[in-house]
Amino acid sequence: MALKDTIQELMGQVQTLSASNAEELEALRIKYLSKKGEITALFNEFRLVPNDQKRELGQLLNQLRQEAENRINELREQFEAKQAESDRLDLTRTPDPIALGTRHPLSLVREEIEDIFSRIGFTIAQGPEVEDDKHVYGMLNFAPEHPARDMQDTFFVEKEMGVQKPTDVLLRSHTSSVQTRVMTSQKPPIRVLCPGRVYRNEAISARAHCFFHQVEGLYVDKNVSFADLREALLYFSKEMFGADTKIRLRPSYFPFTEPSAEMDISCNICGGKGCSFCKGTGWVEILGCGMVDPNVLEACGIDSKVYSGYAFGMGVERITNLKYRVKDLRLFSENDVRFLRQFESC
Ligand code: PHE
């Protein structure tokens, strides 16, 4: 075959070269362009071409070599790009550590409270958040005209959608409603802890919210005394805030307890010396408590001449503020992960 025809045939081959991997590509390079390759061989033949044809054939031959080089380089670049992509995917790398969720600070503290009281025999009792007037107020010795029932404090649930009228269905404003449910369904001795969410119609601010959480305790048995209440609360305070914690009971009033008290603990931030948190007093209030009013026992079908009891109730947010110094109540319900992540190790 004349040299010109061979060049043209090879040109056809070279333009459609394809390879499925780097080894095949190298084989093609060797086949056409190496020292013993087919195109190189044509250059040897070219030396014998008569002078008058050298110009034309020389050009064609150079074009062929150029074409072959271009095609092989093009294929090589494709392989290199693919390789770079798979290099980026390191299959031997250990996976990124999975970001664990965190416990909510209110859950952490609620569980700690539950844990402390479970060690002295309290079990958990729960009741509905949508309640009736009887269980939230009536059986708890609230006078019919007591202001807590007022629309300002209590969220009433409308029976008929869109009809604005007060009903006796409401969102519980304290977990004391669980007391009445437990006392009407169980016989003494009763020793329960009632954790749960409560609702009050208050403007939302750093210090107040329309819902928050309480843990209430109730102990009913023969010969339960105020001294028993005090001992249980002292034990709780030391477990929760440290062995040096002191408590102080101040007389107070709740419709469902008599006598009633509010309890302060020695400020766990300044140790009782006085700081801005305790407003210089060295004490911070953490709960309300008292002896269950005999009227309440009787309303629940418990003989108040045989049995007596104590009750206490605390806000979980308040205890959490003291433990973790959360200054704004709203943080608890905003689900901001920057806040929640701070409890990762707790
Ligand atoms: N229920 C009261 C409140 O919501 C707290 C309390 C509970 C007080 C039990 C005394 C006894 O403020």
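Trainee: How many nonpolar, polar and charged residues does the lining of the second largest pocket have?

Mentor: Keep in mind that this is a predicted model. That pocket has a volume of about 200 Å³, and 14 residues line it, with L106, S107, R110, R197 and H213 nearest its centre. By class, the lining comes to five nonpolar, six polar and three charged residues.

Trainee: Okay, and which elements give two or more residues to the lining of the second largest pocket?

Mentor: Start from the 14 lining residues, which include R197 and H213. Two strands and three helices make the list. They are β4, β5, α5 (105-118), α10 and α11 (331-334).

Trainee: Is strand β5 largely enclosed or open, and why?

Mentor: Look at burial, where the cut-off is under 20% relative accessible area. Strand β5 covers residues 211-221, and nine of its eleven residues are buried. So β5 is largely enclosed by the rest of the structure.

Trainee: Which residue in β5 does I190 stand opposite?

Mentor: Strand β4 (residues 190-199) runs antiparallel to β5, and ten bridges join the two. I190 belongs to that pairing, and its partner in β5 is V220.

Trainee: How many bridges join β5 to strand β9?

Mentor: Strand β9 takes in residues 308-315 and runs antiparallel to β5. Within this pair, Q214 faces G315 of β9. The bridge count for β5 and β9 is eight.

Trainee: Let's move to the largest pocket. Which element gives the most to its lining?

Mentor: This pocket holds about 1,500 Å³ of space. Of its 50 lining residues, R207, F212, E285, G315 and R318 are the closest to the centre. Elements supplying at least two residues each include β5, β6 (247-254), β7 (257-266) and α10 (316-324). The top contributor, with seven residues, is β8.

Trainee: How do the residues of that lining divide into nonpolar, polar and charged?

Mentor: We're sorting the 50 residues that line the largest pocket. For the lining of the largest pocket, the split is 24 nonpolar, 14 polar and twelve charged.

Trainee: What about closed spaces: which residues line the largest cavity?

Mentor: Searching the whole structure turns up one cavity of 30 Å³ or more. The largest cavity has a volume of about 40 Å³, and its lining has three nonpolar, two polar and one charged residues. The names are H209, F211, E317, L329, F332 and S333.

Conventions: Residues numbered from 1 in each chain as written. Predicted model: local features only at pLDDT ≥ 70, side-chain atom pairs only at ≥ 80, totals over all residues. Heavy atoms only, no water. Buried < 20%, exposed > 50% of the residue type's maximum accessible area, 1.4 Å probe, protein only. Helix = DSSP H or I, 4+ residues; strand = E, 2+ residues; numbered from the N terminus. Pairing = 2+ DSSP bridges. 1 Å grid on protein atoms, 1.4 Å probe; cavity = no way out; pocket = protein on both sides within 12 Å on 5 of 7 lines; lining within 4 Å. Points joined across faces, edges and corners; volume = space filled by probe spheres on them. Nonpolar A, V, L, I, M, F, W, Y, C, P; charged D, E, K, R; others polar.
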